[in-house]
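Visitor: Could you take me through one part of this structure up close? I'd like to start with a single contact and see what lies around it.

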Amino acid sequence: MTDEKLIKTLADIGFMASSVGMSKHAFGIFSALEKARPDSVLPTLGYALTFINKKMNQEALEILHKEAVPKDPENPTVKAFIGMALMMEGRNKEGEDFLTTATQEGDEETSTMAKELLNNIRKG
């Protein structure tokens, strides 16, 4: 397994841990990834998702803007996560703008996630 594939796999495990309420484990994984790849946005995305899952949306927005955006300002996945945090914060119009951009600029995985979130905004 290549280093980048391993990093992505570990990030996915962290995302899963976060999604099932294992915040301490998720933070541990993302902390290790941050040490291994300080220039990567993946750990920051993981921290943000963990905050979102704990309904700490403002904290998610803060970490995304302070850490992920400066590392990779044009990253569509970062934009999708900002859109998700805004949506969860009840700021649907702002979230929709970020998610629309992510659907147009992102890879298949990011685009699909952003489209699903947009559908949720438009249903509500």
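Guide: Let's start with glutamate 109 and lysine 8, whose side chains meet in a salt bridge, with 3.7 Å from N to O. Glutamate 109 sits in helix H7 and lysine 8 in helix H1, so this pair ties together parts that are 101 residues apart in sequence. Keep in mind that you're looking at a predicted model. The idea behind such a contact is simple: side chains of opposite charge can pair when their charged atoms come close.

How open are the two partners? Glutamate 109 has a relative accessible area of 53%, and because the cut-off for exposed is over 50%, glutamate 109 counts as exposed. Lysine 8 has 30% relative accessibility, so lysine 8 counts as partly exposed.

Now look at the space around this pair. The largest pocket has a volume of about 260 Å³. Its lining is made by 13 residues, and the closest to its centre are Lys8, Leu42, Thr77, Glu109 and Thr110. So both partners of our salt bridge turn up in that list, because Lys8 and Glu109 are named among the residues closest to the pocket's centre. Four helices give two or more residues to this lining: H1 (3-19), H3 (42-53), H5 (76-88) and H7 (108-123). H7 gives the most, with four residues. As for chemistry, the lining splits into five nonpolar, four polar and four charged residues.

There's another pocket to visit. The second largest has a volume of about 210 Å³. Its lining includes Asp12, Phe15, Met16 and Ser19, along with Leu49, Phe81 and Met84, and also Met113, Glu116, Leu117 and Asn120. The helices that give two or more residues here are H1, H5 and H7. This lining divides into seven nonpolar, two polar and two charged residues.

Met16 is worth a second look. Besides lining the second largest pocket, Met16 joins Leu6, Leu10 and Ile13 in a nonpolar surface patch of about 340 Å². Leucine 6, one of that group, is found in helix H1. With 38% relative accessibility, leucine 6 counts as partly exposed.

Back to charges. The structure holds nine salt bridges, and our starting pair is one of them. Another is made by arginine 122 and glutamate 96, at 3.1 Å from N to O. This pair also links distant parts of the chain, with arginine 122 in helix H7 and glutamate 96 in helix H6, 26 residues apart. Arginine 122 is exposed, at a relative accessible area of 52%. Elsewhere, salt bridges with shared partners join Asp3, Glu4 and Arg37 into one network.

For a contact within one helix, go to lysine 93 and aspartate 97, where the salt bridge is 2.7 Å from N to O. Both lie in helix H6 (residues 92-105), four residues apart, which means about one helical turn separates them. Lysine 93 is exposed, with a relative accessible area of 57%, while aspartate 97, at 42%, counts as partly exposed.

Next, helix H3, one of the helices that help line the largest pocket. Proline 43 lies in H3, and this residue is buried, with a relative accessible area of 1%. Compare proline 43 with lysine 123: they are 80 residues apart in sequence, and their C-alpha atoms are 31 Å apart in space. Threonine 44 is in H3 too. At 0% relative accessibility, threonine 44 counts as buried, because buried means under 20%. Threonine 44 and alanine 68 are 24 residues apart along the chain, yet their C-alpha atoms are separated by 6.1 Å.

Follow the chain on from H3 and you reach lysine 55, in the loop between H3 and helix H4 (57-71). What is unusual about its backbone? Most residues other than glycine have a negative phi. Lysine 55 has a positive phi of about 60 degrees, although it is not a glycine. Lysine 55 is also exposed, at 70% relative accessibility.

Conventions:
Residues numbered from 1 in each chain as written. Heavy atoms only, no water. 1 Å grid on protein atoms, 1.4 Å probe; cavity = no way out; pocket = protein on both sides within 12 Å on 5 of 7 lines; lining within 4 Å. Points joined across faces, edges and corners; volume = space filled by probe spheres on them. Nonpolar A, V, L, I, M, F, W, Y, C, P; charged D, E, K, R; others polar. Patch = residues over 30% accessible without salt bridge, like charges linked within 9 Å, V, L, I, M, F, W, Y side chains within 5 Å. Areas by Shrake-Rupley, 256 points an atom, 1.4 Å probe, with all protein chains shown as cover. Salt bridge = Lys/Arg side-chain N within 4 Å of Asp/Glu carboxyl O. Buried < 20%, exposed > 50% of the residue type's maximum accessible area, 1.4 Å probe, protein only.
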